[in-house]
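Biologist: Hello! Please pick one part of this model, look at it closely, and then tell me how it sits within the rest.

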Amino acid sequence: MAEYLILIFEDENSYATATPDVFQEVMEAHNRFAAQVGEKGGKIVEGRALQPTSTATTIRNDVVTDGPFAETKEALGGYYLIEARDLDHALEIAKLTPARFGGVEVRPIMVFDNA
Amino acid sequence: MTGAAAGHPPADPGPSTGSGAGRDRPAAAAAVADAHRREWAFVLAATARVAGDLDLAEECVQDAYVSALEAWSQQGVPRNPGAWLTTTARRRAIDLLRRDTTLRRKLPLLVTPDEPTAQPAVDEGCGVIPDDRLRLVFTCCHPALAREAQVALTLRLVCGLSTAEIARAFLVPEPTMAARVTRAKKKISAARIAYRVPDAAELPDRLDAVLTVVHLLFTTGHTAPGGDGLVRRDLVDRAAGLARMLCALMPDEPEVRGLLALILLTDARRATRCAPDGRLLLLDEQDRGQWDRPAIDEGLRLVREALRGGRPGRFALQAAIAALHAQAPSYPATDWAQIVRLYDLLGRAWLSPVVALNRAVALAMAAGPGAGLAELARLEADPRLAGYRYLPAAKADLLRRLGRADEAAAAYRAALELTDNHAERQFLAGRLAEVAGR
């Protein structure tokens, strides 16, 4: 098994204007996802949601500025660290990851030789 | 090492002509070149499984080809050169792995689920060598790799072309192509793209990616993107060879047959696509008597097989269209109504504005230039066709046939601005002079 990070990029505005019903659906979708990963033979090592980019602080060359690293319509809003057999398996799981206002990016975790 | 200039490899390589011992270096060199062309994919695919790393596998296979020259000069060409090379390359890989523990540790690649392979393949002293060519092909054409990387990897790993050769074929500087190949290989290993044939559920999508790569190789060769010659033979032959290999490995996939048929039927016109002076000849000007009949016969047989079983895919349908052209006694006497119907089916199987463009051209033949022109007017609004050289070229031709010379001239000028291929430019400039002079 190898580790992959599933990064969830979504439109923050859609969440800012979402009704409580929508939040409820999103929460349920994530709970369902957690169960599905196990059924697929993968494992969630960890998963977190992030506060919106309005709370982000960026540091570049020791200069501290307000805001995210890059201003984009779809921002990193949360992640899952998962275990999967290979990329196909990881992508199969990533396709199930809830991201109704955007999409996900899958990145393999780097393994160092002498770790 | 890729000097062998033979045409299609026969379906069965047959026994080699090695005749015992003695120093016969030219014969050995010829056999090595031949084995490079025929067996590279098999040898590399089988070695990759043992090496667990594509770079290591490539290195060991290169070494095996080098030692083959010496060994075959001394001892004669073995009965099964592919098995000899595979055994040698695999031994070398195992050897290197044993010696170099760091090499062994860094191998995350080729996560190889050990399902039984379809063809048990050859045995030459070290057990059965599985035929892993399909694994190799599907790995090179994995959707997580960019299309251009899929194409480059396929030429490099499946066809055994050097980076310099691939760069030349695609008119890309060699360092750019080298970086592309390296980056793709890195992704395969770092992201753990598995070395396997997709299961039945994923197969249709994954196979389509493979066929798209082979077809792209063919079309790139069929009308070279730049330069003097219209056709780049080497790419056309590679594409045909790959389609033939896939056909042998996946005999039950109609789309694979469809692709091979499409390539054979289209390429059968090769000799007639240019006049002796290099001028481009369109379908209606070509000498149909000079078309390659054996290739057409084989293509027609494959089309019939590909269409069996209903719901034909986009390659089978394109091949069916090519088949109607191949059988038509002349351009006007072509079954255009049937071709329009096939384009309708194709448009449903494959949402492509290029299909719609071709349908408009066929419609112009079936129902008159005016009908075709009306279709083209609709397509001009499609942003996906903006900058596509065949749209103004098709429009120009219909306007010319309607006698609307000024509009035709404007369309020929627009097409010329989008075209880099020398033969095509010549053709368009000739037509422009014709309508402008009227």
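Modeller: Happy to, and one term comes up at once: two residues are in contact when their C-beta atoms, placed from the backbone, lie within 7 Å. Please keep in mind that this is a predicted model. The part I would choose is helix H5 of chain B, which runs over residues 133–140. H5(B) is mostly covered, with 8 of its 8 residues buried. Here "buried" asks for 20 or more other C-beta atoms within 10 Å of a residue's own. Going along the helix, the buried residues are Arg133(B), Leu134(B), Arg135(B) and Leu136(B), followed by Val137(B), Phe138(B), Thr139(B) and Cys140(B). The arginines Arg133(B) and Arg135(B) are thus listed as buried alongside residues such as Phe138(B).

What lies over them? The cover on the buried residues of H5(B) includes five helices of chain B. They are H1 (25–51), H6 (147–158), H8 (174–190), H9 (203–222) and H10 (233–249).

One of these neighbours, H8, leads to a backbone detail. Leu171(B) sits in the loop between helix H7 (163–169) and H8 of chain B. Its phi is positive, about 55°, although Leu171(B) is not a glycine. For comparison, most residues other than glycine have a negative phi. Leu171(B) counts as partly exposed, because it has 13 C-beta neighbours inside 10 Å.

Stepping back to the whole chain, chain B has 19 helices and 0 strands. Of its 438 residues, 43% count as buried. Among contacts in chain B with a separation of 6 or more, 65% are between residues 24 or more positions apart.

Further along chain B there is a helix pair that deserves a look. H18 (residues 405–417) and H19 (residues 422–437) have axes that come within 9 Å and cross at roughly 160°. H18(B) and H19(B) are therefore roughly antiparallel to each other, and H18(B) passes H19(B) in a left-handed crossing. On the H18(B) side the meeting residues are Ala405(B), Ala408(B), Ala409(B), Tyr412(B), Arg413(B), Ala415(B) and Leu416(B). H19(B) answers with Arg425(B), Leu428(B), Ala429(B), Arg431(B), Leu432(B), Val435(B) and Ala436(B). By class, the residues of this contact divide into 11 nonpolar, no polar and 3 charged.

How far can you lean on the coordinates? Chain B has a mean pLDDT of 87, and 87% of its residues reach 70 or more. Two stretches call for care. Residues 1–21 of chain B stay under 50, and the model has 37 contacts for them beyond four places in sequence. Residues 115–126 of chain B also stay under 50, with 21 such contacts. Where pLDDT is low, the predicted coordinates should not be read in detail. For the complex, the predictor gives an ipTM of 0.84 and a pTM of 0.83.

Finally, the partner. Chain A has 3 helices and 6 strands, in the order β-α-α-β-β-β-β-α-β along the sequence. Its C-alpha trace spans about 45 × 40 × 20 Å along the principal axes. Of its 115 residues, 20% count as buried. Chain A has its own positive phi outside glycine, near 50° at Asn61(A). Asn61(A) lies in the loop between strand E3 (57–60) and strand E4 (63–66) of chain A. Asn61(A) is exposed, with 4 other C-beta atoms within 10 Å.

Conventions: Residues are numbered from 1 along each chain as its sequence is written. Chains are lettered from A and ligands numbered from 1 in the order in which they are written. This is a predicted model: local features need pLDDT of at least 70, side-chain atom pairs count only at pLDDT 80 or more; totals for chains, interfaces and linings use all residues. A residue is buried if 20 or more other C-beta atoms lie within 10 Å of its own, exposed if 12 or fewer, and partly exposed in between; C-beta atoms are placed from the backbone. Helices (H or I, at least four residues) and strands (E, at least two) are DSSP runs, numbered from the N terminus. Axes are lines fitted to C-alpha atoms, for helices over the stretch in contact, and angles run from 0 to 180 degrees between N-to-C directions. Angles under 35 degrees count as roughly parallel, over 145 as roughly antiparallel, 65 to 115 as roughly perpendicular and the rest as oblique. A crossing is left-handed if the near helix is turned anticlockwise from the far one by less than a right angle, and right-handed if clockwise. Ala, Val, Leu, Ile, Met, Phe, Trp, Tyr, Cys and Pro count as nonpolar, Asp, Glu, Lys and Arg as charged, and the others, Gly among them, as polar. pLDDT is the predictor's confidence in each residue, from 0 to 100.
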